[in-house]
Amino acid sequence: MTEAHHGTPDSSSPLPFLKGHGTENDFVIVPDPDGLLDLSAADVARLCDRRAGIGGDGVLRVVRSAADPEAAALAAEAEWFMDYRNSDGSIAEMCGNGVRVFARYLQHAGLAQAGDLAVATRAGVRHVHVAKDGDDGEAGAVTVRMGRAVLPGDPVVVAVGDRSWPAVHVSMGNPHAVAFVDGLDEAGDLLQAPAVSPRSAYPDGTNVEFVVDRGPRHVALRVHERGSGETRSCGTGACAVMVAAARRDGLDPAVTGRPVTYTVDVPGGRLVISEDTDGVIEMTGPAVIVAEGAIEPGWLAAGR
């Protein structure tokens, strides 16, 4: 982020925030339409602290693309930029669950309607469709066009303790190592990042998914997210898992000429992932705004 563009949060004024989640991958949402905030890594970590802060797997700063140097070039395609940070304050390229929650916030705030919209991210523009609410008032599902997967093809290995598994290297704009295992408990407690080798395959670290089969075109996963630890869900991870499973199962749409859809269970719920013959992947799932409020004046500044 270009530091000179932003100011520090005003310690004399409350800082509005919302809390939301997508399949229990939860986020602190900070509206900053005019790009006036400079949330440091320490600020983000403090906001995401589950005991001393609001609590979340990451922060979604909502800013107009034209107001942020990182996204200004995308302003003609997408009015809003999702500045996503992991819970440790590190910057991330993309977050699939985060995009759904980001779109739900725009709808909630009256900045977008049900239907199609575009969201700028560090991995490029993501096109989103927000379904209309059901007759029972239940919020409509959100579908995100996640782009195409890249499979570098280099062999990688994931290890936990003295156990190791071959893994599939998949990039969804951010890096993933997908390992198929016999049971999800084989991943251990996931308090520490699993070892991935060779390190040269992921110079900036990676997300690691452990995957089991539940049935035809139906898998379940646990994930350790780079910079956040184990989370209840990872949207890009679910897409990476679907691609790895489809290739393993001989269902590559570019080869078969037919789209393919997998159900992917995550600890926090269920996502439906589809890949078209042109390689474009779509993810459909829920997105919920839980609460909104204001952070006490001076609270962030007191932690500096």
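This report describes ring contacts, helices, empty spaces and backbone details in a predicted model.

Residues are numbered from 1 along each chain as its sequence is written, and side-chain values use heavy atoms, with hydrogens and water left out. Because the model is predicted, local features need pLDDT of at least 70 and side-chain atom pairs count only at pLDDT 80 or more, while totals for chains, interfaces and linings use all residues.

## Aromatic pairs

Rings of Phe, Tyr and Trp (its six-membered ring) pair if their centres lie within 6.5 Å; planes under 30 degrees apart count as stacked, over 60 as edge-to-face and the rest as tilted. The structure holds two aromatic pairs. The table lists them.

| Pair | Centre to centre | Angle between planes | Type |
|---|---|---|---|
| Phenylalanine 27 and tyrosine 84 | 5.9 Å | 75° | edge-to-face |
| Tryptophan 165 and phenylalanine 210 | 5.7 Å | 80° | edge-to-face |

Helices (H or I, at least four residues) and strands (E, at least two) are DSSP runs, numbered from the N terminus. Phenylalanine 27 belongs to strand 2 (residues 25-31) and tyrosine 84 to strand 4 (residues 80-86), so their pair ties together parts that are 57 residues apart in sequence. Tryptophan 165 is in strand 9 (residues 163-171) and phenylalanine 210 in strand 12 (residues 207-215), so this pair ties together parts that are 45 residues apart in sequence.

Buried means under 20% relative accessible area, exposed means over 50%, and partly exposed is in between (1.4 Å probe, protein chains only). Phenylalanine 27 and tyrosine 84 are buried, and tryptophan 165 and phenylalanine 210 are buried too.

## Charges over rings

A charge sits over a ring if NZ of Lys or CZ of Arg is within 6 Å of the ring centre and within 35 degrees of the ring normal. Arginine 46 places its charged end over the ring of tryptophan 299, 4.1 Å from the ring centre. Arginine 248 does so over the ring of phenylalanine 180, at 4.5 Å from the centre.

## Two helices

The expected span of a helix is 1.5 Å times one less than its number of residues. For the 13 residues of helix 2 (residues 96-108) this gives 18 Å, and the end C-alpha atoms are 19 Å apart, which agrees. In helix 2, 11 of the 13 residues are buried, so the helix is largely enclosed by the rest of the structure. Among these buried residues are Arg100, Phe102, Arg104 and Tyr105. Glycine 110 follows helix 2 and has a positive phi, near 75°.

Helix 3 (residues 235-248) has 14 residues, and its first and last C-alpha atoms are 20 Å apart, close to the expected 20 Å. Since 12 of its 14 residues are buried, helix 3 is largely enclosed by the rest of the structure. The buried residues of helix 3 include Cys239, Val241, Met242 and Val243. Just after helix 3 comes glycine 250, with a positive phi of about 70°.

## Empty spaces

Rolling a probe the size of a water molecule over the atoms shows where empty space is left. On a 1 Å grid over the protein atoms alone, a cavity is a set of points where a 1.4 Å probe fits but cannot get out, and a pocket is an open set with protein on both sides within 12 Å along at least five of seven lines; lining residues have an atom within 4 Å of a point. Grid points are joined across faces, edges and corners, and a volume is the space filled by probe spheres set on the points.

The largest pocket holds about 230 Å³ of space. Its lining has 13 residues, and Pro194, Val196, Tyr202, Gly205 and Thr206 lie nearest the centre. In residue types (Ala, Val, Leu, Ile, Met, Phe, Trp, Tyr, Cys and Pro count as nonpolar, Asp, Glu, Lys and Arg as charged, and the others, Gly among them, as polar), the pocket lining has seven nonpolar, four polar and two charged residues.

There is one cavity of 30 Å³ or more. The largest cavity has a volume of about 80 Å³. It is lined by 13 residues, of which Asn86, Met94, Asn174, Asn207 and Glu225 are closest to its centre. Five of the cavity lining residues are nonpolar, five polar and three charged.

## Backbone details

Serine 197 and proline 198 are joined by a cis peptide bond, with omega about -5°. Proline 198 is in the loop between strand 11 (195-197) and strand 12.

Threonine 23 is not a glycine, yet has a positive phi of about 45°. Glutamate 24, also not a glycine, has a positive phi of about 70°. Threonine 23 lies in the loop between strand 1 (15-22) and strand 2, and glutamate 24 is in the loop between strand 1 and strand 2. Threonine 23 counts as buried at 2% relative accessibility, whereas glutamate 24 is partly exposed at 36%.
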